[in-house]
Amino acid sequence: MRAGSEAAGGTPGTPAATASHRTLRSELLLVLALSLGASAVSSLISFIGSLTRPGGLKDQAATLNGSYAPGRPWLDLAWQLFGIATALVPVVLVAHLLLREGAGMRAIGFDRRRPWTDLGRGALVAAAIGSAGLAFYLVARASGANLTVVPEALPEVWWKYPVLVLSAIQNSVVEEVIVVGYLLRRLGQLGWSPMAALVTSSVLRGSYHLYQGIGGFIGNVVMGVVFVWLYRRWGRVGPLVVAHALLDIVAFVGYGLLAGHVDWLPTP
C-alpha cells in the first residue's frame with residue numbers, strides 16, 4: 001500500500017467505510033463550522049470592512065497576536081493561554097471522530113512514529129517556503145493588494161516569546177490537521193476527486209487568510225496546493241505541522257525582534 005493511500009479514506013469494514021455520506025458530511029461541516037470554516041467567514045467580513053474603509057489596504061494593519069488586557073500582564077497571559085487552548089478543541093474533536101471510526105490520528109500521519117523524518121522534512125519545507133513567502137508579501141503590500149501584517153503586538157513582558165511560540169504551534173496543528181489531513185480524508189470518503197479536494201483545501205486555506213488582503217489569499221492558496229501535494233506524497237501531516245510551526249515562529253518572534261530596527265520590514 002502506498003504511504004498516502006490510508007489517508008484518502010476508510011478501509012473496508014471500518015465504521016467510516018459503512019457510515020452514510022450524510023453522517024460524514026455532517027461531521028465535516030460541524031468541524032469546519034467550529035474552526036476554519038468560521039474563520040473563513042470572519043476573514044471575508046473583515047476583508048470587506050478593510051476594502052470599504054477610507055485609505056488603501058497597505059495603510060491598514062492586520063494584527064495576529066495582540067494583547068487582551070493591556071496593562072494587566074497576568075490577566076493578559078491567562079487570556080492568551082485560554083485562547084490557545086480553546087482553539088485546539090476542534091483538533092481534539094477530529095481525533096475523537098477518527099478514533100471512533102477505528103483509525104485515530106495515525107491515519108493522517110499525526111503521531112510519533114517518524115519524529116526525525118517529520119522534523120527534517122518540515123524544516124526543509126519551511127526553508128523553501130519562508131523566503132519566497134516573505135518576498136511575495138512585501139511585493140503584495142507594495143502594490144496595495146495587502147494590509148500591513150503585524151505578527152505580534154504584545155507587551156514587553158517575560159511571557160511574550162513563549163506565548164508567541166505556543167501560538168505558532170497551535171496555528172500549525174489546527175490548520176494542517178483540519179484543512180489537510182481531516183478534510184482530504186473525509187472528501188475522499190465522500191467520493192470527491194483528488195483535484196476537487198485539492199482545490200477545496202487550498203481555497204479554504206486562502207479564504208481564512210483573506211483578512212490580510214488579496215496577497216494573503218493568493219499566497220496561502222499556493223501554499224495549500226504545495227502542502228496537499230506533499231501530504232499525498234508522504235501520507236503524513238506531521239512534516240506540514242513542523243513546517244507551518246517553524247514559519248510562524250520565525251514570523252512572530254522575528255517581527256518582535258526586528259520591527260522598528262530594520263527598514264525593509266513594514267510596520268503600521
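Here is a quick tour of helix α9 and its surroundings, with a stop at A128.

This is a predicted model, where local features need pLDDT of at least 70, side-chain atom pairs count only at pLDDT 80 or more, and totals for chains, interfaces and linings use all residues. Residues are numbered from 1 along each chain as its sequence is written, and side-chain values use heavy atoms, leaving out hydrogens and water.

**Helix α9 itself**
- Helix α9 covers residues 214–234; helices here are DSSP runs (H or I, at least four residues), numbered from the N terminus.
- Its 21 residues should span 30 Å at 1.5 Å a residue, and the end C-alpha atoms are indeed 30 Å apart. The expected span is 1.5 Å times one less than the number of residues.
- Right after α9 comes G235, with a positive phi near 70°.

**What α9 packs against**
- Among the buried residues of α9 are V221, F227, Y231 and W234 (buried means under 20% relative accessible area, with a 1.4 Å probe and protein chains only).
- The buried residues of α9 pack against α6, α7, α8 and α10.

**Meeting α7**
- The axes of α7 and α9, lines fitted to C-alpha atoms over the stretch in contact, come within 11 Å and cross at roughly 55°.
- That makes α7 oblique to α9 (oblique is what remains once angles under 35, over 145 and 65 to 115 degrees are set aside).
- In α7, E176, V180, G181 and L184 meet F227, V228, Y231 and R232 of α9, with contact meaning heavy atoms within 4.5 Å.

**A stop at A128**
- A128 sits in helix α6.
- A128 counts as exposed because its relative accessibility is 54%, and exposed means over 50%.

Key. Helix = DSSP H or I, 4+ residues; strand = E, 2+ residues; numbered from the N terminus. Axes fitted to C-alpha atoms, helices over the stretch in contact; angles between N-to-C directions.
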